[in-house]
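This report goes through one structure part by part. Please have the sequence and the model open while reading.

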Amino acid sequence: MTKTFDIAVFQGDGIGPEITGPTLEILKRMASVSTGYNLRFRDAPAGARHYAQTGESLPAESMKIAREADAILLSAMGLPDVRYADGTEISPQIDLRKALTLFAGVRPVTVKKGQNTPLNMPADREIDFVLIRESTEGLFYTQGRGEVTKNEARETLLITRDISEKLFEFAFALARSRKEVGRGPGRVTCVDKANVFRAFAFFREMFDAEAARNPDLQADHAYVDATALWMVQKPWDFDVLVTENMFGDILSDLGAGLMGGLGLAPSADIGLEHAVFQPCHGSAPDIAGKGVANPFAMILSAAMMLDWLGIKHDNADLRQDGTRLREAVEDVVSQGRVLTRDLGGSAGTDRAAQAVLDALFVA
Ligand SMILES: NC(=O)c1ccc[n+]([C@@H]2O[C@H](COP(=O)([O-])OP(=O)(O)OC[C@H]3O[C@@H](n4cnc5c(N)ncnc54)[C@H](O)[C@@H]3O)[C@@H](O)[C@H]2O)c1
Ligand SMILES: CC(C)[C@H](C(=O)O)[C@@H](O)C(=O)O
Ligand SMILES: [Mg+2]
């Protein structure tokens with residue numbers, strides 16, 4: 001019998017519902033013609049709007065839906081003027097990452113030949129690397145619990161052996177699978193600030209131990225400041241980068257910039273059991289409700305979800321559809337046929353999503 005996978009859907013705030021609708025439509029079309037899998041979607045209310053209405057940003061019922069699901073699809077949550085009592089913004093996605101121990105924030109950076117990038121890049125070059133951002137601790141550890149007195153404010157950066165070992169194991173496994181399909185040389189770079197902080201020397205020590213367990217792969221180190229420079233000067237040299245939460249948050253937006261914008265940057269927060277798939281961008285309140293949001297990052301995140309489900313459940317149809325969906329978006333973008341306003345075009349959300357459907361089912 002064809003297996004049905006339950007997907008929890010966090011439509012979120014701002015442009016969230018606008019990009020979720022067309023993404024679900026594409027997934028439903030793909031599942032409806034596949035004989036290898038079915039998808040069933042369950043709505044999980046959460047976010048800033050929900051908090052403003054109910055006083056809860058991540059209700060227990062939504063958390064239950066997320067825990068019970070095979071995968072979680074999330075658009076964007078948070079609005080600049082909706083804040084907790086301590087003055088920080090509503091950010092249930094951080095709570096989800098912590099509650100489900102989603103330590104590996106996978107943020108691929110790809111620029112295909114012909115795709116727009118602000119870099120002055122030789123025409124025969126492509127960019128294809130993956131930034132793995134630890135997503136449960138680091139400088140986000142005390143998020144919402146920082147100590148502030150009249151004259152001082154403190155947050156704690158936490159690096160644990162348990163999470164770091166899982167993180168590095170994940171990073172080396174990813175580099176190996178990229179090498180096997182010819183996507184990279186099989187190299188993992190530990191991005192840290194071990195020249196200044198003992199916590200990062202500890203981080204590096206555990207990275208080196210994992211590197212020693214993977215002698216078939218290359219391993220090196222880079223300081224985070226130099227990494228920012230090289231991401232602009234020679235991003236094609238990277239394969240898999242692995243780093244702390246806050247460093248990864250910042251570098252992944254730089255990676256999105258290389259791709260032409262946040263509207264093309266997908267991500268996955270992956271743990272041993274659960275995973276959340278969401279674009280790197282936020283709720284874009286400045287363009288919400290106008291029908292102009294770029295759905296590509298969300299659709300590419302959905303493709304990552306199909307990949308992950310396919311690998312986890314050894315389902316070739318899911319894996320194949322993950323690849324087809326990613327390639328459909330890449331086709332539409334690299335040919336510059338249908339581009340949204342953030343990418344220099346004039347297409348609205350629906351036309352952009354329709355172009356992906358056409359690439360999948362008409363071309
Ligand atoms: N993963 C998430 O849920 C997430 C990520 C980042 C920010 N946020 C939250 O979103 C809110 C807005 O944050 P921000 O303005 O700093 O970042 P943002 O990513 O929402 O927007 C930054 C800029 O990029 C544009 N943009 C973003 N996504 C786009 C898309 N799909 N199509 C076209 N243009 C797009 C916006 O219009 C804006 O000009 C804040 O409350 C923030 O905390 C949430
Ligand atoms: C909105 C914010 C809490 C979030 C983060 O900092 O992780 C975002 O910037 C991201 O990159 O997913
Ligand atoms: Mg970010």
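The text below covers the sheet, the helices and the ligands of this predicted model.

**The sheet**

An open sheet is formed by 10 strands, and its pairing is mixed. The strand order is β2-β1-β3-β12-β11-β4-β5-β10-β8-β9. At the edges stand β2 and β9 (218-223); each has a single partner strand, so one side of each is left without a neighbour in the sheet. From one strand to the next, the twist averages 25 degrees.

Two of the strand pairings are set out here.

| Strands | Direction | Bridges | A bridge partner pair |
|---|---|---|---|
| β1 (residues 4-10) and β2 (residues 38-43) | parallel | six | F5 in β1 and L39 in β2 |
| β4 (residues 104-111) and β5 (residues 127-134) | antiparallel | eight | V106 in β4 and I132 in β5 |

The edge strand β2 also belongs to a β-α-β unit: β1, helix α1 (residues 16-33) and β2 make this unit, and it is right-handed.

**The helices**

At the β9 end of the strand order, helix α6 (residues 198-212) lies across β8 (187-192) and β9. The direction of α6 is at about 170 degrees to that of β8.

Another packing involves two helices, α7 (residues 224-233) and α8 (residues 245-258). Their axes are 10 Å apart and the angle between them is about 10 degrees. Because angles under 35 degrees count as roughly parallel, α7 is described as roughly parallel to α8. On the α7 side, the contact consists of V224, T227, A228 and M231. These meet F247, L251, L254, G255 and L258 of α8. Sorted by class, the contact has seven nonpolar residues, two polar ones and no charged ones.

**The ligands**

Two ligands are described here, each with its surrounding residues. Ligand 1 is surrounded by 22 residues, of which the closest are G78, H281, G282, A284 and N294. The shell around ligand 1 divides into 11 nonpolar, eight polar and three charged residues.

Which residues surround ligand 2? They are G78, S91, Q93, I94, D249, C280 and G282. By class, two residues of this shell are nonpolar, four are polar and one is charged. G78 and G282 appear in the shell of ligand 2 and are also among the closest residues to ligand 1. D249, from the shell of ligand 2, lies in the residue range of helix α8, 245-258.

Technical notes:
Residues are numbered from 1 along each chain as its sequence is written. Chains are lettered from A and ligands numbered from 1 in the order in which they are written. This is a predicted model: local features need pLDDT of at least 70, side-chain atom pairs count only at pLDDT 80 or more; totals for chains, interfaces and linings use all residues. A residue is near a molecule or strand if its C-beta atom, placed from the backbone, lies within 6 Å of it. Ala, Val, Leu, Ile, Met, Phe, Trp, Tyr, Cys and Pro count as nonpolar, Asp, Glu, Lys and Arg as charged, and the others, Gly among them, as polar. Axes are lines fitted to C-alpha atoms, for helices over the stretch in contact, and angles run from 0 to 180 degrees between N-to-C directions. Helices (H or I, at least four residues) and strands (E, at least two) are DSSP runs, numbered from the N terminus. Angles under 35 degrees count as roughly parallel, over 145 as roughly antiparallel, 65 to 115 as roughly perpendicular and the rest as oblique. Two residues are in contact if their C-beta atoms, placed from the backbone, lie within 7 Å. Two strands pair if DSSP finds at least two bridges between them. A crossover is right-handed if, with the strands pointing away from the viewer, the path from the first strand over the helix to the second runs clockwise.
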